[in-house]
Amino acid sequence: MDLDGGKRVFHRLGGGGSDAGDKQQKVCFHWRAGRCNRYPCPFLHRELPEPTAHSSNGGLSSRRPHSFSDDSGGGFSGPRQKTHNFNSASSWGRNNNRAAAPLKKTKLCNFWSQGNCTFGEKCRYLHSWSLGESFTFLTQLDGHQKVVTAIAWPAGSDKLFTGSKDETVRIWDCQSGKCENVANLGGEIGCMISEGPWIFVGLPNFVKALNTVTSADQTLPGPVGQVYALVVGYDMLIAGTQDGTILAWRFNTVTNCFEPAASLKGHSLAVVTLVVAANRLYSGSMDNTIRVWNLDSLQCIQTLTEHTSVVMSVLCWEQFLISCSLDKTVKIWVATESGNLEVTYTHTEEHGILTLCGMTDAEAKPVLLCSCNDNTVRFYDLPSFTDRGKIFSKEEIRTIQLGPVGLFFTGDGAGQVKIWKWLDKPVTTA
């Protein structure tokens, strides 16, 4: 599959601080130069003083309440410290919260990434795998020989599972960071998820179910071609397959086996992403569409056709559906009074988008991660889409997975798994 892939520039008006007098009438020198990072700034972030009629304290406030909460059907699945709730569809893409401070070096040094930059600290390009003040790189896990397509950390486990197109699943000890076991499954791993004691692995023409407690394993036949997506919801294991069919199984406690439960047909090409929310299943496909399925009737109730290339990833957040595509867009969908989904906001990147991941930062504010096929992951505050930072990689990052206590993982085309962590306090970078 060939993956091809603007950048949004945001502007913040700085309000007057608590200092009185001449400061409020002077224009900020650093703001004029485009690098003021003080908020609130005591000087003006505009060429003329603001009319006092707007506010009794002499300045417009750019603050608004943060609100974000989980969709019980599953979209964002990280630890939460507080509850938030953005209810207005019109707030998407409005950068009225804060702007990221300009950073001196924004482009990765290709020589440094290859280990042979001779300029050292004098290099005008970035000597780091990340750009941002809110998260940090912890360590790297090497071992896979091809692209990492799946990462899973079972709840309560001290083991991390990674899958690759090199046909192996590697099991890592989370304390030592060492690979404890390598399982060759005889086919490219297209996806992998964990649910309870089970690890489910998508392979060509079947799904492998591995019980991490009893070490039992089952092979679930039925798929035609590679299994690209797996999700658990509505008491079913659901798989998206290469021939466009969506298959489902239920666990029979009497026979202690997974048994076929449904076969949903409608997509004309491979199904590569799935998400379940309440009694709805959302499926994204190489046929450029998203289908909405009612899991009570097992019928398709709407087909979304606004993307113009492969739909690579879908997430559910509150009443919103978030999707990304190789057409270089992230689309935000909201249900109308009729119940149908419509696009309420479109965010455009310079490159095609490979996958999405939603999480909260150390202050429990929602952040969207967008992996693009220029070997970067972009971080955005939601719903404003304010830039929060960037991760660089030698090759495309195909999978992003959340872990506990602020951890998250990325897997790339070079077979590398990197571990990252949100910081309790931002650290200023050069």
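Colleague: How many bridges join strand β4 to strand β5?

Modeller: In this predicted model, strand β4 covers residues 159-164 and strand β5 covers residues 168-173, and the two run antiparallel. Within this pairing, G163 stands opposite V169 in β5. The number of bridges that join β4 to β5 is 5.

Colleague: Which strands stand at the edges of the open sheet that holds β3, β4, β5 and β6?

Modeller: The sheet is built from 4 strands in the order β3-β4-β5-β6, with antiparallel pairing, and its neighbouring strands are turned by 20 degrees against each other on average, direction ignored. An edge strand has a single partner, so one side of it is left without a neighbour in the sheet, and that describes β3 (148-152) and β6 (179-184).

Colleague: In the sheet with the order β13-β14-β15-β16, which residue of β15 stands opposite L281?

Modeller: This open sheet also has antiparallel pairing, and its edge strands, β13 (271-277) and β16 (299-304), each pair on one side only. Strand β14 (residues 280-285) is joined by 5 bridges to strand β15 (residues 290-294). The residue that stands opposite L281 in β15 is W293.

Colleague: How many residues has the largest nonpolar core?

Modeller: The residues with the most contacts inside this core are W92, I322, V330, I332, L356, L368 and F385, and the elements that give two or more residues to the core are β17 (311-317), β18 (320-325), β19 (329-335), β21 (353-360) and β22 (366-372). Leaving aside neighbours within four places in sequence, V330 is in contact with residues including I322, L356, L368 and F385. A second, separate core of 19 residues includes L131, M359, V367 and I400. The size of the largest nonpolar core is 24 residues.

Colleague: Is W92 buried or exposed?

Modeller: Buried means under 20% relative accessible area. The relative accessibility of W92 is 4%, so W92 counts as buried.

Colleague: What kind of aromatic pair do W92 and F320 form?

Modeller: W92 lies in the loop between α1 (29-32) and α2 (110-113), whereas F320 lies in strand β18, 228 residues apart. Their rings are 5.1 Å centre to centre, with 85 degrees between the planes. Planes over 60 degrees apart count as edge-to-face, so the pair of W92 and F320 is edge-to-face.

Colleague: What describes the pair of W317 and F320, stacked or tilted?

Modeller: F320 is buried at 2% relative accessibility, and W317 is buried at 0%; both belong to one aromatic cluster with W92, Y345, Y380 and F385. The ring centres of W317 and F320 are 6.0 Å apart and the planes lie at 45 degrees, so the pair is tilted.

Key. Residues numbered from 1 in each chain as written. Predicted model: local features only at pLDDT ≥ 70, side-chain atom pairs only at ≥ 80, totals over all residues. Heavy atoms only, no water. Pairing = 2+ DSSP bridges. Axes fitted to C-alpha atoms, helices over the stretch in contact; angles between N-to-C directions. Core = buried A, V, L, I, M, F, W, Y, C linked by side-chain atoms within 4.5 Å. Buried < 20%, exposed > 50% of the residue type's maximum accessible area, 1.4 Å probe, protein only. Contact = heavy atoms within 4.5 Å. Phe/Tyr/Trp six-rings, centres within 6.5 Å; stacked < 30°, edge-to-face > 60°.
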